[in-house]
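Work through the exercises below with the sequence and the model side by side, and try each task before reading its solution.

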Amino acid sequence: MKRGIIIFFTVLGVFLHAQNIKTKRGIINLDGIPVAKLSNKSSEYTFMDLKETPMYTIKFIDKSIVDSVRDSYISINRVYNRDKTIEIDYSSPSAFSGEEKSAVFTSVKDLKIIDNKGINVKNLDEIFSNVPKRKLDSKTKDAYTIRKKIDKMNIEVNKVGEILSNGVPVGYFTNLPVSFGSQDIIMDKTPIDIEIYDAKSKLIGRYITTTKQLKTAGGKSFTIYKEMSGRASILKFPTYKALAERMAIMDPNFIKIQEKVSVGAVSKETPN
């Protein structure tokens with residue numbers, strides 16, 4: 001009974017001290033008191049004091065890392081000192097909140113940039129001095145690790161289906177659909193699998209267009225794109241480049257990371 005009373009008053013205390021955050025016609029109110037102003041252009045929100053002096057901006061970023069893994073975060077920039085931009089996580093009052101509510105909620109609750117006196121410049125500067133670390137889940141961390149490896153490979157697919165890494169031919173596609181060359185995405189469902197070979201004509205794996213599965217010759221499989229909901233786009237059709245990149249990760253022997261070939265200055269010797 002005693003424990004129940006303690007929990008009741010704890011919850012009641014949190015409820016009574018909870019700030020009521022509302023934004024109406026560009027004015028941010030805390031518990032009914034105007035404290036700041038807000039304007040936006042696309043996914044970038046500018047926070048101003050009540051005299052409409054711009055203080056900082058929040059921009060929402062939603063990007064694909066690799067395959068169907070995406071990362072969403074915010075980029076913050078001080079208007080009065082644009083030398084440094086930081087990228088941090090954001091939070092929302094509910095799962096259905098839009099960007100505006102999330103930007104205001106994060107400013108008030110997480111970052112403490114806005115309080116009942118307005119925009120707290122001291123706290124804003126403190127965030128830039130001690131940037132909060134992002135809390136990435138294991139799936140996103142793994143995706144960034146893979147992305148780093150892929151970027152070093154610098155993979156491209158040319159108009160004849162040849163796969164190049166840093167400009168060097170490393171493999172090729174066969175059984176390409178009729179749309180190949182006119183578009184870089186794979187939309188056609190073909191009865192024959194698209195196959196991938198290395199530069200020595202060794203079969204590395206195949207892509208099954210009907211199931212969007214990539215399979216290595218050694219038996220590994222991966223669904224290259226999955227339908228996603230929420231803020232992320234619905235990813236339906238992979239690119240040939242994405243197939244080559246993922247195959248390079250699935251089979252480390254397919255493409256070895258190499259530096260770009262550079263040619264120095266050529267000097268012409270003159271006969272004596």
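The exercises that follow deal with nonpolar cores, backbone angles and aromatic rings.

This is a predicted model, in which local features need pLDDT of at least 70 and side-chain atom pairs count only at pLDDT 80 or more, while totals for chains, interfaces and linings use all residues. Residues are numbered from 1 along each chain as its sequence is written, and side-chain values use heavy atoms, with hydrogens and water left out.

**Exercise 1.** Find which residues of the largest nonpolar core touch the most other members.

Solution. Begin with the term: a nonpolar core is a set of buried Ala, Val, Leu, Ile, Met, Phe, Trp, Tyr and Cys residues joined through side-chain atoms within 4.5 Å, where buried means under 20% relative accessible area, exposed over 50%, and partly exposed in between (1.4 Å probe, protein chains only). The largest such core has 25 residues, and those touching the most other members are Ile 28, Phe 47, Tyr 56, Ile 58, Ile 76, Ile 114 and Ile 119. Next come the elements, for which helices (H or I, at least four residues) and strands (E, at least two) are DSSP runs numbered from the N terminus. Among those that each supply at least two residues of this core are strand E2 (27-30), strand E5 (54-66) and helix H3 (121-129), and E5 gives the most, with four residues. A second, separate core of 23 residues includes Ile 163, Ile 224, Ala 242 and Phe 254.

**Exercise 2.** Locate Arg 25 and decide whether it is buried or exposed.

Solution. Arg 25 lies in the loop between strand E1 (21-24) and E2. Its phi is positive, about 55°, although Arg 25 is not a glycine. Most residues other than glycine have a negative phi. Arg 25 counts as exposed because its relative accessibility is 82%.

**Exercise 3.** Work out how the rings of Phe 47 and Tyr 56 are arranged, then do the same for Tyr 172 and Tyr 197.

Solution. Rings of Phe, Tyr and Trp (its six-membered ring) pair if their centres lie within 6.5 Å, and planes under 30 degrees apart count as stacked, over 60 as edge-to-face and the rest as tilted. By this rule there are six aromatic pairs. The centres of Phe 47 and Tyr 56 are 4.6 Å apart and their planes are at 5°, so this pair is stacked; both residues are buried. For Tyr 172 and Tyr 197 the centres are 5.5 Å apart and the planes are at 15°, so that pair is stacked. It links distant parts of the chain, with Tyr 172 in strand E12 (residues 168-174) and Tyr 197 in strand E13, 25 residues apart.
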